[in-house]
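Got the viewer open? Keep the selection box handy, and we'll walk through this one stop by stop.

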Amino acid sequence: MTTHSNSAPNKIAVIITAAGSSTRMGGTIKKEYLPLGDGTVLSVCVKAFETALDNPEIIITIPPSGLEDAQKAIVGYNVSFVEGSDTRQKSILNALEQIKKNGEQPEYILIHDGARPFVTQQVIQNVIAGTIQYKAAAPGIKPTDTIKEINEEGFITKHLERRLLTLIQTPQGFVFEKLYEAHKKAAADGHDYTDDSEIWGKYVGPVKLVEGDINNKKITYPGDLERGAGTDTQGGTL
């Protein structure tokens with residue numbers, strides 16, 4: 001059954017990142033454009049958000065001169081595209097600026113990796129609820145392995161407490177205007193940030209952790225697609 005969120009008082013926009021080169025996947029097709037189910041990795045991502053939200057504005061970051069390939073990967077979906085840059089951070093700022101130019105801006109923004117096609121409606125709703133309540137939220141899961149910090153020579157320097165650690169996923173949700181301002185500051189400070197929660201943490205405040213899903217994997221290597229192919233975006237298995 002299709003469900004939609006009525007919890008957000010104003011429009012929610014979604015940025016899906018697909019501007020990377022996918023070099024670790026090998027082959028000649030970007031991982032976001034690989035076939036999956038009845039579509040592609042990217043179209044499955046788009047479908048998840050169109051199903052979970054009421055008529056969301058969806059913007060996809062794509063490689064320079066990559067419009068034709070991107071359009072072929074998501075035939076039948078109402079999305080817009082923005083040219084990415086040489087880093088994820090710069091690509092997302094391009095998308096945020098495009099949303100500003102479009103006129104009426106959303107109150108909230110969700111940012112999702114285009115290589116995470118197995119995101120469920122429940123995870124999306126968890127992030128939306130956390131964002132509305134706390135202004136910023138990100139899904140995470142507990143690590144199953146013990147994690148150590150090492151130095152540049154490869155020696156263990158710190159024994160981290162697993163109960164205080166999380167593996168962060170996407171989508172990550174934020175108040176749009178505050179994230180936009182934070183991204184502009186981050187672009188000027190010369191630091192390369194790993195994700196949007198780090199930028200928010202630096203320039204705005206804390207990000208609330210919400211429950212993620214072990215199946216919400218990011219496809220990085222060829223085997224990742226095969227291992228995740230048994231999961232659908234309703235939260236069950238195929």
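Start by selecting Gln-172, which sits in strand β11, residues 172–175. This is a predicted model, so keep that in mind as you click around. Is Gln-172 buried or exposed? It counts as buried, because its relative accessibility is 2%. Show its side chain and look for Asp-195: the two side chains share a polar contact of 2.8 Å. Now display what surrounds Gln-172. Leaving out residues up to four places away in sequence, Gln-172 touches a set of residues including Ile-109, Leu-110, Ile-111, Val-127, Ala-137 and Ala-138. Asp-195, Asp-196 and Ser-197 are also among the residues it touches.

Next, select Tyr-108, in strand β6 (residues 108–113). Tyr-108 is another buried residue, with a relative accessible area of 7%. Its side chain makes a polar contact of 3.3 Å with the side chain of Glu-107. Then add Ile-12 to the selection. Which distance separates the C-alpha atoms of Tyr-108 and Ile-12? They are 5.0 Å apart, although the two positions lie 96 residues apart along the chain.

Stay on β6 and go to Asp-113, which is buried at 6% relative accessible area. Asp-113 forms a salt bridge with Arg-88, and the closest N and O atoms are 3.3 Å apart. That pair ties together distant parts of the chain, with Asp-113 in strand β6 and Arg-88 in helix α3 (residues 88–101), 25 residues apart. Arg-88 counts as partly exposed, at 26% relative accessibility. Asp-113 has a second partner to show: Arg-116, in a salt bridge of 2.9 Å from N to O. Arg-116 is buried, with a relative accessible area of 10%. Add Asp-196 to the selection and you have a salt-bridge network made of Arg-88, Asp-113, Arg-116 and Asp-196. You've met Asp-196 already, as one of the residues touching Gln-172.

For another salt bridge, pick Glu-177 and Lys-100, whose closest N and O atoms are 3.0 Å apart. Here helix α5 (residues 176–189) supplies Glu-177 and helix α3 supplies Lys-100, so the bridge links distant parts of the chain, 77 residues apart. Both ends are partly exposed: Glu-177 has a relative accessible area of 28%, and Lys-100 comes in at 30%. Across the protein, the salt-bridge count is 11.

Now for an acid without such a partner. Select Asp-213, in the loop between β12 (208–211) and α7 (222–228). Which side chain of opposite charge is nearest to Asp-213? It's Lys-217, 7.2 Å away; Asp-213 is buried yet has no salt bridge. What its side chain does reach is the backbone nitrogen of Asn-215, at 2.7 Å. Show the neighbours too: not counting residues up to four places away in sequence, Asp-213 touches Thr-120, Val-123, Ile-141 and Gln-169.

Finally, zoom out to the whole protein. You should find 7 helices and 12 strands. Of the 238 residues, 47% are buried. The protein exposes about 12400 Å², with carbon and sulfur atoms supplying 50% of that. Among contacts with a separation of 6 or more, 71% are between residues 24 or more positions apart.

Last, colour by pLDDT. The mean is 89, and 88% of residues reach 70 or more. Over residues 1–9 the pLDDT is below 50, although this stretch has 23 contacts in the model beyond near neighbours in sequence. Where pLDDT is low, don't read the predicted coordinates in detail.

Technical notes
Residues are numbered from 1 along each chain as its sequence is written. This is a predicted model: local features need pLDDT of at least 70, side-chain atom pairs count only at pLDDT 80 or more; totals for chains, interfaces and linings use all residues. Side-chain values use heavy atoms; hydrogens and water are left out. Helices (H or I, at least four residues) and strands (E, at least two) are DSSP runs, numbered from the N terminus. Buried means under 20% relative accessible area, exposed over 50%, partly exposed in between (1.4 Å probe, protein chains only). Lys and Arg count as positive and Asp and Glu as negative; His and the chain ends are not counted. A salt bridge is a side-chain nitrogen of Lys or Arg within 4 Å of a carboxyl oxygen of Asp or Glu. A polar contact is a pair of N or O atoms within 3.5 Å; within protein, one must be able to donate a hydrogen and the other to accept it, and residues adjacent in sequence count only if both atoms are side-chain atoms. Contact means heavy atoms within 4.5 Å. pLDDT is the predictor's confidence in each residue, from 0 to 100. Accessible areas come from the Shrake-Rupley method with a 1.4 Å probe; for residues, only the protein chains shown count as cover.
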